[in-house]
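Visitor: I've got a model open and a few labels I'd like to see justified. Could you walk me through them?

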Amino acid sequence: MTPLRIIILIALVYIAYRVIFAKGRSLGAGGKMRGTRPVDAPVADTLEEDPVCKKLVPSRQAVQIEWRGEKMYFCSQKCCNTFRIKQGENE
């Protein structure tokens with residue numbers, strides 16, 4: 001074998017090694033990607049639907065009121081006020 005072929009063979013073996021072990025390093029136990037949130041971890045925030053405009057809004061950022069024992073979430077104070085006015089007319 002010529003020295004050029006030996007160098008090419010070594011390079012191919014090295015590349016194959018990197019591909020095989022790089023794939024193994026990026027996957028955790030059970031073939032799941034590392035660095036992602038575990039499946040059993042609690043959810044930090046939930047999306048709630050605004051009853052007025054039907055937008056989805058994160059519950060931590062939403063305007064919240066208690067209405068008939070139920071927590072209501074709104075995307076803005078304007079939607080909250082609209083809801084209160086409509087409920088005042090219906091009661």
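## Labels and their cut-offs

Guide: Ile 8 counts as partly exposed, because its relative accessibility is 44%, and that label covers the range between 20% and 50%. Bear in mind that this is a predicted model.

Visitor: Okay, and where does Ile 8 sit?

Guide: Ile 8 belongs to helix α1, which spans residues 3-26. Ile 8 also helps make a nonpolar surface patch of about 960 Å², together with Leu 4, Leu 12, Tyr 14, Ile 15, Tyr 17, Val 19, Ile 20 and Phe 21.

Visitor: What makes Ile 8 eligible for a patch like that?

Guide: A patch residue needs over 30% relative accessible area, and Ile 8 has 44% relative accessibility.

Visitor: What's the overall layout of the protein chain?

Guide: Reading from the N terminus, the elements go α-β-β-β-β-α, so to speak two helices and four strands. Buried residues account for 13% of the 91 residues. The chain exposes about 7,600 Å², with carbon and sulfur atoms supplying 60% of that.

Visitor: How many disulfides does a search of the whole structure find?

Guide: Zero. Take Cys 79: the nearest cysteine sulfur, that of Cys 75, is 3.7 Å away. The cut-off is within 2.5 Å, so that pair isn't a disulfide. For Cys 80, the nearest cysteine sulfur belongs to Cys 79 and is 8.8 Å away, so the cut-off rules that pair out too.

Visitor: Why is Cys 79 called buried?

Guide: Buried means under 20%, and Cys 79 has 11% relative accessibility, so the label applies. Cys 80 has 1%, so Cys 80 counts as buried as well.

Visitor: What makes the phi of Lys 54 worth a look?

Guide: Lys 54 has a positive phi of about 65°, though it is not a glycine. Most residues other than glycine have a negative phi. You'll find Lys 54 in the loop between β1 (47-49) and β2 (56-58).

Visitor: Why does Lys 54 count as exposed?

Guide: Exposed means over 50%, and Lys 54 has 53% relative accessibility, so it gets the label.

Visitor: And what about the phi of Arg 68?

Guide: Arg 68 isn't a glycine either, yet its phi is positive, about 50°. Arg 68 lies in the loop between β3 (63-67) and β4 (70-74). Its relative accessibility is 64%, and exposed means over 50%, so Arg 68 counts as exposed.

How values were computed. Residues numbered from 1 in each chain as written. Predicted model: local features only at pLDDT ≥ 70, side-chain atom pairs only at ≥ 80, totals over all residues. Heavy atoms only, no water. Buried < 20%, exposed > 50% of the residue type's maximum accessible area, 1.4 Å probe, protein only. Areas by Shrake-Rupley, 256 points an atom, 1.4 Å probe, with all protein chains shown as cover. Patch = residues over 30% accessible without salt bridge, like charges linked within 9 Å, V, L, I, M, F, W, Y side chains within 5 Å. Salt bridge = Lys/Arg side-chain N within 4 Å of Asp/Glu carboxyl O.
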